[in-house]
Structures are given as C-alpha cells and as structure tokens.
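Student: I have a new model to look at, and I keep tripping over the labels. Could we go through them one by one?

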Amino acid sequence: MRLGLDIDGTITADPVFFRERASAVIKNGGEVHVVSSRSPEARVETVTELSELGIRYSTLHLLPHMSAAQWLCPHRELDWYQKHMWLKVAYALEYRLDYFVDDDPKVLALFDRYARGIKALSFLDRHLV
Ligand SMILES: [Mg+2]
C-alpha cells in the first residue's frame, strides 16, 4: 500500500495513530509519503519534528512555494490556493498513492475532482486507512 499523509492538522493532530499506522504500512512492504505545504525551507525542522513524533516514512515531500504553483498547475479554473494544493494531487498521481489523508476539505475536494482513483480521506476518517 502507498499511503500519503499531510502533516499539520493530520499527523500532528493524532501522532500516536499515525505512528502506528505508518509503521505497519512500512513493515508490510508499503510506502508512506509525507506531503506537506510547509515551505521547503522548513525541511530540517520538519524532519526533526517527524522524528520526535516517531513517524516512519519513505519520503518527505514539501510542496514548491505557492508562487511556483501558479505556473506548475495547468488548471486555469482554480484559484491561487487551489493551485498550490493541487500540487499534492499531482504528487499523489505521480507516485501512484492508494490513499491520502488530509484535514483540509479543499484538498479533499481537489482529489475528488482530479484523482478519483485515489482514496482521499479526511482526518476524521483516518481509521479507514
Ligand atoms: Mg493539514
């Protein structure tokens, strides 16, 4: 299984749950992709934080800056915030994730719109992973 996880409001909101779930996925040969809109400059502190929370993962992907998203995202119909969050969807499609857990309804709506094959779950439905 390839699992995508948001950090803020997701992992940070229930680190004990995600610690156990991420470990189980990796132990069973799957992948855990942590994908966050934290700025790329926050990488070192994010690695430290995930380590302190005991979260195992295969890859940590921090989205390019919001300004870059404006030309990286091809969907003209989306607003600036959606274009930035769409980069999570693009990542999930590129790495063929099976599940993605995120607390932001706007992110979940983008998965629903552009990546129907990926099971996007809200934080509240995290137990379904
Ligand atoms: Mg979040």
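Student: What makes Leu62 and Leu63 contacts of arginine 38?

Tutor: Contact means heavy atoms within 4.5 Å. Leaving aside residues up to four places away in sequence, arginine 38 touches Ile7, Asp8, Thr12, Thr46, Glu49, Leu62 and Leu63, so these residues meet that cut-off. Keep in mind that this is a predicted model, where local features need pLDDT of at least 70 and side-chain atom pairs count only at pLDDT 80 or more, while totals for chains, interfaces and linings use all residues. Residues are numbered from 1 along each chain as its sequence is written, and side-chain values use heavy atoms, with hydrogens and water left out.

Student: Why is arginine 38 called buried?

Tutor: Buried means under 20% relative accessible area, exposed means over 50%, and partly exposed is in between (1.4 Å probe, protein chains only). Arginine 38 comes out at 16%, so it counts as buried.

Student: How do you know that arginine 38 makes polar contacts with threonine 46 and glutamate 49?

Tutor: A polar contact is a pair of N or O atoms within 3.5 Å; within protein, one must be able to donate a hydrogen and the other to accept it, and residues adjacent in sequence count only if both atoms are side-chain atoms. The side chains of arginine 38 and threonine 46 are joined at 3.1 Å, and those of arginine 38 and glutamate 49 at 2.8 Å. Both pairs therefore pass as polar contacts.

Student: What makes arginine 38 and aspartate 8 a salt bridge?

Tutor: That term needs a side-chain nitrogen of Lys or Arg within 4 Å of a carboxyl oxygen of Asp or Glu. Here the closest N and O atoms are 2.7 Å apart, so the name fits. The pair links distant parts of the chain, 30 residues apart: arginine 38 sits in the loop between β2 and α2, and aspartate 8 in the loop between β1 and α1. Those labels come from DSSP runs, numbered from the N terminus: helices are H or I with at least four residues, strands are E with at least two.

Student: And aspartate 8, buried or exposed, or something in between?

Tutor: Aspartate 8 has a relative accessible area of 37%, so partly exposed is the right label.

Student: Why is Asp8 called a donor of the magnesium ion?

Tutor: Donors are N, O and S atoms within 2.8 Å of the metal (3.2 Å for Na, K and Ca); water is not among the atoms, so sites may look incomplete. The protein donors are Asp6 (OD), Asp8 (O) and Asp103 (OD), lying 2.1 Å from the ion. Aspartate 103 is in the loop between β4 (99-102) and α5 (105-114), so together with aspartate 8 it ties together parts that are 95 residues apart in sequence.

Student: How do you know that arginine 126 and aspartate 14 form a salt bridge?

Tutor: Their closest N and O atoms are 2.9 Å apart, so the pair meets the salt-bridge rule. Arginine 126, at 13%, counts as buried, and so does aspartate 14, at 17%.

Student: What makes β1 and β2 a pair?

Tutor: Two strands pair if DSSP finds at least two bridges between them. Four bridges join β1 to β2, which run parallel, so the rule is met. Both belong to an open sheet of five strands in the order β3-β2-β1-β4-β5.
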